[in-house]
Amino acid sequence: MCKNIQLLNDDFLQDPYRDYAHVREECPVYWHEATAYWWLTRYDDVHFALRQPQFKSARLHALFDGIAPERLSRFTPLTRLLESRLLLTDGANHQRLRSLISTAFAPRHMDLIRPVIRQVIEDLLGEMQGRTSVEFIREFADPLPSRVITRILGLPAEHYEQFKSWTNDIYQFMGVSPVDRTTRAEIASTAAVEIERYLDRQLDDCAVGGGPNLLSVLKSASEAGERLSRTEIIANVVGLLNAGHETTTNLLGNGMYLLLTHAEQAQLLSHDRSLWPSFVEEVLRYESPVQIIARQLSEATEMHGVPLPAGANVLLFLGAANRDPRLFWQANQFDIQRQGARHLAFGFGPHFCIGAALARMITVEAFACLSKVWRSPRLAVTPRWRSYPVFRGLVDLQLHVTWQ
Ligand code: HEM
């Protein structure tokens with residue numbers, strides 16, 4: 001018998017892993033009354049669901065649940081942008097969009113991105129230079145990925161804040177919180193109109209060549225046979241910032257916290273710098289920035305003898321799968337030298353994170369650089385985890401630092 005898990009309860013938010021273990025062992029296919037979702041928490045089941053085509057990502061209608069049908073037509077600009085997003089498409093349409101958008105992340109473009117990342121890290125450190133007290137999330141982990149992504153898109157620096165604010169309005173609407181969905185939809189729809197107008201102009205003006213410029217890469221991809229419409233480019237440019245910002249911020253913050261609370265692992269890193277990539281992988285597994293993703297079943301499916309009907313909404317708990325002891329030896333230990341099974345922090349299958357290489361590059365570069373400029377950073381205050389169960393990240397992270 002499974003206990004009733006309170007997703008928004010502070011005990012759960014601060015440490016969800018005890019409840020994950022309980023559900024994973026006692027009820028691998030768990031009907032959660034309060035959210036009206038089926039939960040899958042075992043690694044093999046989450047891995048299965050991520051590969052099977054009947055677990056659909058195209059759930060646009062679910063985002064508008066609770067909004068009166070007669071109001072829906074007012075949100076056409078928003079639905080137009082959302083329905084072309086990779087994350088909300090499936091099958092042949094998803095494959096077409098994904099093959100074109102992934103050209104922007106081809107290795108030749110990634111090579112141009114590394115110097116941009118280093119420059120942004122240097123700028124951020126320059127802004128903090130000499131201070132002994134730093135709020136790591138606000139001053140480093142939050143601005144780093146958004147500045148990198150907007151810069152590699154090729155948008156002018158003076159537009160960053162406006163662009164971030166529009167994308168944020170759309171992102172807020174996509175959050176799971178049912179609070180005031182109609183107002184959120186109105187704000188997001190206004191942002192969708194403005195962002196579409198803005199990016200349309202940028203696409204007219206953008207020139208090929210120079211530094212990395214994903215807009216021009218996407219424009220060329222679209223012009224070669226008109227396989228990617230303007231709306232599809234715009235939808236996915238917004239999608240890149242939405243999908244890549246907070247997730248990477250969480251990875252950076254979680255990584256710094258784990259580094260400062262696991263002295264023996266930090267010691268290993270100080271002796272062998274080649275361990276930074278394994279450190280980042282273990283942070284992704286141990287405190288997965290995305291804890292939960294959603295799917296909807298297009299046909300009835302049975303799992304562990306439990307019949308799941310067509311239309312059932314399902315939550316896949318990446319954070320629980322990544323601590324499953326069936327796959328990970330001493331799963332609750334943070335061990336940067338871990339070998340064996342791959343974590344699912346970037347998902348798996350057709351929707352595997354398109355920005356995984358970028359997120360890894362940003363994070364490895366950041367830690368390699370910070371380890372050179374800061375001598376023995378220390379936690380000033382024990383941080384708290386944010387009160388949103390879908391993502392795992394810290395509210396803030398106050399540090400004492402000494403500069404080398
Ligand atoms: C998809 C995690 C960074 C862009 C995903 C998925 C996960 C994920 C779990 C699969 C979602 C699903 O199957 O429903 C993460 C984490 C990140 C990160 C943990 C950082 C630590 C980024 C970055 C970008 C990005 C930096 C781009 C700039 C995307 C896109 C998709 C995606 C576009 C949708 C792919 C598709 O549907 O085909 N990400 N992500 N992500 N991610 Fe990331």
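**Salt bridges, buried residues and an iron atom**

Modeller: The side chains of Arg96 and Glu232 meet in a salt bridge, with N to O at 2.6 Å. Please keep in mind that this model is predicted.

Colleague: What makes the meeting of Arg96 and Glu232 a salt bridge?

Modeller: The cut-off is 4 Å between a side-chain nitrogen of Lys or Arg and a carboxyl oxygen of Asp or Glu. Arg96 and Glu232 come to 2.6 Å, N to O, so the pair qualifies. Arg96 belongs to helix H6 and Glu232 to helix H13, so this pair ties together parts that are 136 residues apart in sequence.

Colleague: How do you know whether Glu232 is buried or exposed?

Modeller: Buried means under 20% relative accessible area. Glu232 has 12%, so it counts as buried. Its partner Arg96 has 28%, which falls between 20% and 50%, so Arg96 is called partly exposed.

Colleague: Why does the pair Asp123 and Arg151 count as a salt bridge?

Modeller: The closest N and O atoms of Asp123 and Arg151 are 3.8 Å apart, and the limit is 4 Å, so the pair is accepted. Asp123 lies in helix H7 and Arg151 in helix H9, so parts that are 28 residues apart in sequence are tied together. Salt bridges that share partners also join Arg24, Glu25, Asp324 and Arg326 into one network. The structure holds 23 salt bridges.

Colleague: Now to the ligand. What is the protein donor of its iron atom, and how do you know?

Modeller: The only protein donor is the SG atom of Cys353, at 2.3 Å from the iron atom. For this metal a donor must be an N, O or S atom within 2.8 Å, so the SG atom passes. Cys353 sits in the loop between helix H16 and H17.

Colleague: What makes the approach of His94 to the ligand a polar contact?

Modeller: A polar side-chain atom of His94 lies 2.7 Å from an oxygen atom of the ligand. The cut-off is 3.5 Å, so this is a polar contact. Arg98 also has a polar side-chain atom 2.7 Å from a ligand oxygen. For Arg295, a side-chain N or O atom is 2.7 Å from an oxygen atom of the ligand.

Colleague: Which element gives the most to the shell around the ligand?

Modeller: H13 does, with six residues. The shell has 26 residues; by class, 17 are nonpolar, seven polar and two charged.

Colleague: And why is Arg85 called buried?

Modeller: Arg85 has a relative accessible area of 6%, under the 20% cut-off, so it is called buried. Arg85 is found in the loop between helix H5 and helix H6, and its contacts include Ile170, Met174 and Asn242.

Note on methods:
Residues are numbered from 1 along each chain as its sequence is written. This is a predicted model: local features need pLDDT of at least 70, side-chain atom pairs count only at pLDDT 80 or more; totals for chains, interfaces and linings use all residues. Side-chain values use heavy atoms; hydrogens and water are left out. Helices (H or I, at least four residues) and strands (E, at least two) are DSSP runs, numbered from the N terminus. Buried means under 20% relative accessible area, exposed over 50%, partly exposed in between (1.4 Å probe, protein chains only). Contact means heavy atoms within 4.5 Å. A residue is near a molecule or strand if one of its heavy atoms lies within 4 Å of it. A polar contact is a pair of N or O atoms within 3.5 Å; within protein, one must be able to donate a hydrogen and the other to accept it, and residues adjacent in sequence count only if both atoms are side-chain atoms. Ala, Val, Leu, Ile, Met, Phe, Trp, Tyr, Cys and Pro count as nonpolar, Asp, Glu, Lys and Arg as charged, and the others, Gly among them, as polar. Donors are N, O and S atoms within 2.8 Å of the metal (3.2 Å for Na, K and Ca); water is not among the atoms, so sites may look incomplete. Lists of a residue's contacts leave out its neighbours within four places in sequence.
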